[in-house]
Amino acid sequence: MKNRIITIVLFILLLPTCLISQVSIGDILCTDGSIISREAFPSSGKTAEGIVFYIDNTDTHGWAVALNNQSSSIKWCRYYEYDIANLPNISNARNAMHDLDGHTNTGIIRAEGNSSIFPAAWAVDYDNGWYLPSAGQLRYLYSCAPEINASLQVVGGTAIHYQYNFYWWSSTEHSPYHAFDMNSGGSTGDYLKDNSNNYPPTGIAVRQIRDFTIQQPVHTTYHIGDMITNNDGSRGILFYVSPDQTDGWMVALNDAASATPWGDNTDVPGLDNQTCAQPFGALLDETNGFANTGSIRNHQNGLATAANAVDYQHGWYLPTAGQLLKLFGSLAFIEDKLQTYGTTLAEDYYWSSSEANDSHAFGLSCAPTANVRAGHCVLALKSNPFRVRAVRNIIFENPVPVPGLPDNILESDCNHPMEGMAWDVKLIHSTPEVVASYAPVMAGDIDSNGIVDILISHFNGNNYRTNTLDVYSGIDLSLQYRFNIQDSIYNTTGNYALCRYPLPNGSQQGAIFVHSYDRKIRSYTIDGTLLNVSDRATSCEGMVSFADFNGDGFPEVYAGSDIFDAATLKWLCSGPENGNKGLSYRGSAPGVVNSHRCYYAMSLAADVLGDATQELICGNTIYNVNITSRTNPALNAITVNKTITPPSDYSPDGHVSLADFDLDGECEVLVTRNNTDDHTMGTVYFYAYKPSNGQIIFQKTVPCLCTGYPLIGNIDDDPHPEIVFLEKQESWQPMYIYCWRYTTSTGLTTVWQHQHDDLSGQTGITLFDFNQDDIMELVYRDSENLRIINGSGKSHITGNDTIRPYNIFTRMMAAGTGCEYPIVADVNGDGSAEIVVSGMLDQYAYLPGVGGLHMFGNPGNWAPARPVWNQYMYHVTNVNEDLTIPTYCFDKATVFTGSDGTLRRPYNNFLQQAGYITPTGEPYNPGGMVEMEHYGEGCQTYTYHGVTYTESGDYEYLIENPLGCDTLLNIHVHLGDTIHNYLYKAACDSYTWNGTTYTESGLYEQTFTSAQGCDSIVILDLTLGASSYVSPIHGESLIYYQTNGQYTYNIAPVEGCFGYEWSIDGPWTIQFSPDSPECIVNITSPGTATLKVRVYSACGSVERTLFINHDARPDIVIYPNPTQGEFNIVLYGMEGESVIVIYDYLGQLIGRFSVDADIHGTLVPYSLAGKAAGIYMVSAINRYHKVTKKVIKSTPSSFGIFDWDW
């Protein structure tokens, strides 16, 4: 081999400089030297000139490839034999992988001769920094072709073709006769410089690349070539890092086997056969070797084969052909490490996990000799003895980006405790009976005007199908728009949903998405203007839902296993044709015209594998979704990550929901499957599995005609979520709502069952915590009534056991039923939740699928709720309040620790509306700024809150709280010659003050000279008469269930009293002594009474009364109130461990303690000594109740109470 003799030539080049925070593979190099992301380019106004395909380990330099070929067919050299003296000869393709200096190569070639002699090197724009890539650069570029092509689709350009035969020249020389090229299968080898054989017939092309620098780099944690040590002690070399730095692949340090067959001549079930043509470049897109290896091992069952040679139990697997192609391209960056810590890839053939058919599989050639190519895939008999090198996935410890918190977590604003009666439910608005009661209701601000819009199917005479949609205002249910859609929809399958997606100009487009009878998805504006129609039909009927699978900020819409771009409705990818789609049978009565009975899909996007990306879950199959291009579906793929083995005799597919049933921090998948329509008796199958290991944690069969879609949520004081669903039986049999709970100790058990009157048996139930007591209420409308159901097993009044669920609220509402359910959302913007439901109000047993739309609420007494319910499979983490779709998926199993140490799981639910919570997961009732008045006087100055005022006037002072609850003080200052003070006094028949005797009640003034030099006017507020000496009656005014007995009442003793006379107006008896201020009441039954006492003295007689209620709700009494510091808190109707919390008017916690409360009453003294005057909130909380009262602290001040002795 020749030594390289470097001729130093000075090139003065201005390299592009990147100023952005982080550069990734696939970013776009612009003509102004900037580098921007693929997503930001369309609205940037910039012109692209290249695509980034490499960033070095210092994160400061990289390579970019041009947008187009510079020539499609060109010679490397004009002459058959020409040896360039200063350009080293490299013997074979393996060694050529280490040539990474195409810029120097190109300069040497061009210095050797002109464009007539060396056409390829002169085809590039060398003077402006572009050059002919070396063999190593060219092969690495090929490894990044999917990412490059996705960006080329955005900016426009010629793809790096790897799906049919194509060739490119490198700048690496092999010999006087040959130079290295590469074809579209990744095959690198040497070929005649003058291409005198004219092979390939299309010629050999040139694609230039260039260097760039990053001026302000953000240093990433992981780079190709890093040594990675796993938790089990095994090690590997990183050979691939995803563009977003969230994951990668490592290769083992040594071969797992040296001469091992792939398998026998049988086709592996569940493994997709790869049927691409030579040179097999399309294999670059197959990258899920872990799933492939699992399928092969399950089929081969311990045979001595390639897949069984790897340590699969610890995460190592047989790479796909695509992963091996990327591995070979990275050899220049990892081979030194492999040789240092293990062994490099042998000059031999290596098996992949990619199967071609029953007799052949794919391997990779790493065995070059002179004039032989390497780095490409080969199709080989499965019996061939190839080598095995395992690879392993890695999820980086600090992936970028990290999913953000859901938008119902608030860190500021005032927390206003819930007060009032939660169950005084009112009908707020209704519409005429024109909507389809079989159809679900959706809500959200579609047109971004600040008003929630409500969408529902219009009834046009057919219970089951419609071609008209209605949009109502959430303010008053006034009809805003009614429009026809291009193709009808089935009301009973919930085929519409709402979202907003970004436009190229940076704005957002709100849209209604409809999955129609022809299985096309269409999007409409709020007024019915057609936006887009999907460019292909879906493979099944089903609910439409949204997710951002690739985290690029552009949401996708999906139905079953078909995924489309929400902005354009262009098809992006689909699951296997015969694969799962989330199907189960739900349908209407047979024999009805246009009835709809079918399997339809309810698949779900969620991150169930903990990789910060969303998988698509369809029954027992978990799909990986790889979307790299929004315009070229060939670059996208849905591949099977895992297929869970269902219980014996269970169907694999089914409707999907999600929750952490066993509270281990991992969500399980609940699959529901019905195989018959709703008029055929059959079996509904339920089972739940762990995505991480496929374990079936519970299973259940229910013999019935059909069931509704199950909801999941915590409806009692047990931390485990419950599963609630309804079933349909034959008409002569009772039908029930069932509630199940799973724990690891008891398994799946039935908590309760509750009879319902739903004739279809398919309606849904939703959840919401209306009174913020941490227990969810069920909201349900069957064929006869709208109900709010307490399923907690406890009385919502006393907290005592009730065992059976019961209706807290009921309103007659007849309806034909399908898949619909009531929704809960703050649709009118009043800060409280509303229920929106369809049906025939106050009518009974009238069953056609038509009704009005109705809004129920309890303004001020129901908790706030999110103003959105956008899709049938609703969860708070799937949509933002403004209808945009979260870029990354928040973990529904996340555990929050409350301020009291309680573990909270606010997102461990499904079909539950969310209120607002604090960052510790506690219920939050947000409010605005607290505004208070303050009056102050002084002679020449007045000082308040550290501010001294020297002039009379009105001032504002803002007290900012970093946790929220800012307070605005309106300060009214009076400065001048006089200061006003008040004196409060009481006496029997006269009072003497400063030498003056007063014999009548009233206000009296005297003027005094102040020590400050100003006159002081003191106002005496005098009360005369016996009443001023008689205190109120003290004793329990609220008596609760099962608390009969003797109760003692008293007043403070009155000095000079002649006697006390007690009487009662009610069903009970009393005992008292005329000379005692005490009375005993014998309470023997529920009821009410008025207790009276008359006190006789020299001033006359005075009567006090007390109303006693022996059917009362939990309460707290605070006295004295106002107080100067010391006061008592009395808890009534609260039993067991209770917590008392005290907040000041800034919303800051100043006191918290626990008490063991007695239901008959518990007295707790408390002191506000040392605290400022003002309003304080006192709350008493136990498992079942929360009661809040105000207490006012007053202290002597300019307007205070003074007891001066003049």
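## Helices, sheets and turns in a predicted model

Q: Over what distance should the twelve residues of helix α6 span, and what do its end C-alpha atoms give?
A: This is a predicted model, and helix α6 covers residues 289–300. At 1.5 Å a residue, its twelve residues should span 16 Å. The separation of the end C-alpha atoms agrees with that expectation, at 16 Å.

Q: Which elements do the buried residues of α6 pack against?
A: The buried residues of α6 include G289, A291, I296 and Q300. Among their packing partners is one helix, α7 (321–329). The others are the strands β15 (316–317), β16 (349–355) and β42 (637–643).

Q: Which residue just after α6 takes a positive phi?
A: Helix α6 takes in residues 289–300. Just after α6, phi is positive, at about 50°, and the residue is N301.

Q: How many of the nine residues of α7 are buried?
A: The buried residues of α7 include A321, K326 and G329. Helix α7 is largely enclosed by the rest of the structure, because the buried count is nine of the nine.

Q: Is S330 buried or exposed?
A: S330 sits in the loop between α7 and α8 (331–341). Buried means under 20% relative accessible area. The relative accessible area of S330 is 0%, so S330 is buried.

Q: Which residues is S330 in contact with, leaving aside its neighbours within four places in sequence?
A: Within the local stretch, a polar atom of the S330 side chain lies 2.8 Å from the backbone oxygen of L327. Once neighbours within four places in sequence are set aside, the contacts of S330 are Y140, I224 and F239.

Q: Which strands stand at the edges of the open sheet with the order β83-β82-β85-β86?
A: This sheet has four strands with antiparallel pairing. An edge strand here has a single partner, so one side of it is left without a neighbour in the sheet. The strands in that position are β83 (1149–1157) and β86 (1186–1193).

Q: What is the bridge partner of V1139 in β85?
A: Strand β82 (residues 1136–1143) and strand β85 (residues 1174–1181) run antiparallel and are joined by five bridges. In β85, the partner of V1139 is I1181.

Q: Which strands are at the edges of the open sheet with the order β74-β77-β76, and what does the twist average?
A: The sheet has three strands and antiparallel pairing. β74 (1045–1050) and β76 (1069–1072) each have a single partner strand, so they stand at the edges. From one strand to the next, the twist averages 25°.

Q: Which residue in β77 stands opposite I1070?
A: Strand β77 (residues 1078–1083) runs antiparallel to β76, and four bridges join them. Opposite I1070 in β77 stands V1081.

Q: Which residue in the turn between β35 and β36 has a positive phi?
A: β35 (residues 562–565) and β36 (residues 571–574) pair in the antiparallel sense over three bridges, with D562 opposite S574. The two strands form a hairpin with five residues between them. The turn residue with a positive phi, about 60°, is L569.

Q: How many disulfides does a search of the whole structure find?
A: A disulfide needs two cysteine sulfur atoms within 2.5 Å. C889 is in no disulfide, and its nearest cysteine sulfur, that of C667, is 8.7 Å away. The search of the whole structure gives a total of zero.

Q: Which peptide bonds in the loop between β80 and β81 are cis?
A: P1120 lies in the loop between β80 (1115–1119) and β81 (1126–1132), and P1122 is found in that loop too. Omega is near -10° for the bond from Y1119 to P1120. Omega is about 10° for the cis bond that joins N1121 and P1122.

Q: Is N994 buried or partly exposed?
A: N994 lies in the loop between β70 (991–993) and β71 (996–998), and its phi is positive, near 55°. Its relative accessibility is 38%, so N994 counts as partly exposed.

Key
Residues are numbered from 1 along each chain as its sequence is written. This is a predicted model: local features need pLDDT of at least 70, side-chain atom pairs count only at pLDDT 80 or more; totals for chains, interfaces and linings use all residues. Side-chain values use heavy atoms; hydrogens and water are left out. Two strands pair if DSSP finds at least two bridges between them. The expected span of a helix is 1.5 Å times one less than its number of residues. Buried means under 20% relative accessible area, exposed over 50%, partly exposed in between (1.4 Å probe, protein chains only). Contact means heavy atoms within 4.5 Å. A polar contact is a pair of N or O atoms within 3.5 Å; within protein, one must be able to donate a hydrogen and the other to accept it, and residues adjacent in sequence count only if both atoms are side-chain atoms. Axes are lines fitted to C-alpha atoms, for helices over the stretch in contact, and angles run from 0 to 180 degrees between N-to-C directions.
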